Amino acid sequence: MTTIRDWQVGQSLPDVTLPPVSRLDLIKYAGASGDYNPIHTIDDEAKKAGLPGIIAHGMWTMGNLAKLFTPYYEEGFVQDYFVRFQSMVFLNDIITLKATVKEKGDKTIRFDVAAVNQHGKEVVKGEAVFALYE
Amino acid sequence: MYQHDIGKRSAKVKNVVERGAVKKFAEAIGDPNPIYWDEETGERSRYGRNIAPPTFPRVFDYGVIEGLKLPAKGLIHGEQRFHYERPLFVGEELYCYAEVKDYYEKQSSMGLLGFLVIANNGEDADGNLIFTSTSTIIINEAVRKAMSV
């Protein structure tokens, strides 16, 4: 059983690479989240908005990124989670999710988190604080 | 243009952390962990029940902030922050409301950008704050001009 407490500053959780972003991924997220902004699902609407094509919901990427911490729910929970949406995610992009320990306290572990595309660009970047139970 | 909206709030809306909605959401973010949907896993966990993913509050109804007029199109989600006192439990009732926290403008290479900060909060039945989900929305010059017409 892996435990998050043992992670040292500078160490990374195992990266997760997602399958290429598909329209169905975004349709499913629209339905599950209630965010039906058509720039995420309909090509014409994305083009009208001046985009080259549909883009992923920022919250889809942020939601995916948080799952790096799910395996550790018995040890603690995500207390703070912040991201900046730095770049757009397009169809067929291949996104890799990353988290690296930045700081360790008695009750919390602070991580740098990022979602990186196939060109090595950070599309989402931020920080998560994982609070540990006694 | 939103300075006078700072501090405005919506009335609280009762929301339920619905089992089916949590499962659908976990699937949509590709998180297969059974802690979100399998009752037995939930019962055996330290929580004694299922929990919801940290970005789940996107689905709640936070009510309407009277007088706050947002453009229907052209908004950019710039930043997002979540703060939790504890994870959300499947089946629990939360009382949710939105508040305009801040508005400021900054000159950028794309012209004058407006930054609107909205906090979406969730409280339990006793009024204890359980989570805050804070969004920074960027409004560009073209969108602002279209609105003031």
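In S2(B), which residue is the bridge partner of Tyr81(A)? It is Phe82(B), and that pair is a good place to begin a walk through this predicted model.

1. **The strands that join the chains.** Tyr81(A) and Phe82(B) belong to a pairing that crosses from one chain to the other. Strand S2 of chain A and strand S2 of chain B, the latter covering residues 76-84, run antiparallel and are joined by five bridges. If you have the structure open, this is a handy landmark for finding your way between the two chains.

2. **The wider contact between the chains.** Chain A puts 29 residues into the contact, and chain B puts in 28. On the chain A side, the elements that supply two or more residues are H1, helix H3 (58-66) and strand S2 (76-85). Of these, S2(A) gives the most, with nine residues. Sorted by class, the chain A residues that touch chain B comprise 16 nonpolar, seven polar and six charged.

3. **Two helices packed across the chains.** Now look at helix H1 of chain A (residues 23-33) and helix H1 of chain B (residues 19-28), which pack with their axes 9 Å apart and at an angle of about 155°. An angle over 145° counts as roughly antiparallel, so H1(A) is roughly antiparallel to H1(B). The crossing of H1(A) with H1(B) is left-handed.

4. **Who touches whom in that helix pair.** From H1(A), the contact uses Lys28(A), Tyr29(A), Ala32(A) and Ser33(A). H1(B) answers with Lys24(B), Phe25(B), Glu27(B) and Ala28(B). Taken by class, the contact of H1(A) with H1(B) has four nonpolar residues, three charged ones and one polar one.

5. **One residue of H1(B) to click on.** Ala21(B) is found in helix H1 of chain B. Is Ala21(B) buried or partly exposed? Ala21(B) has 19 other C-beta atoms within 10 Å, and being buried takes 20 or more, so Ala21(B) counts as partly exposed. You can also pick out Ala52(B): the two alanines are 31 residues apart in sequence, while their C-alpha atoms are 9.5 Å apart in space.

6. **Chain A as a whole.** Stepping back, chain A has three helices and five strands. Read from the N terminus, its elements follow the order β-α-α-α-β-β-β-β. Its C-alpha atoms fill a box of roughly 50 × 30 × 25 Å along the principal axes. Chain A has 134 residues, and buried ones make up 37% of them. Among its contacts between residues at least 6 apart in sequence, 62% join residues at least 24 apart.

7. **The first hairpin to follow in chain B.** Strand S3 of chain B (residues 93-108) and strand S4 of chain B (residues 111-123) run antiparallel and are joined by 13 bridges. They form a hairpin with two residues between them. To spot the pairing on screen, try Ser108(B), whose bridge partner in S4(B) is Gly111(B).

8. **On to the next strand.** S4(B) also pairs with strand S5 of chain B (residues 129-139), in the antiparallel sense and over ten bridges. Here Gly122(B) has Phe131(B) as its bridge partner in S5(B). S4(B) and S5(B) form a hairpin with five residues between them. In that turn, have a look at Gly127(B), which has a positive phi of about 85°.

How values were computed. Residues numbered from 1 in each chain as written. Chains lettered and ligands numbered in written order. Predicted model: local features only at pLDDT ≥ 70, side-chain atom pairs only at ≥ 80, totals over all residues. Axes fitted to C-alpha atoms, helices over the stretch in contact; angles between N-to-C directions. Helix = DSSP H or I, 4+ residues; strand = E, 2+ residues; numbered from the N terminus. Parallel < 35°, antiparallel > 145°, perpendicular 65-115°, else oblique. Left-handed = near helix turned anticlockwise from the far one by under 90°. Contact = placed C-beta atoms within 7 Å. Nonpolar A, V, L, I, M, F, W, Y, C, P; charged D, E, K, R; others polar. Pairing = 2+ DSSP bridges. Buried ≥ 20, exposed ≤ 12 C-beta atoms within 10 Å, placed from the backbone.
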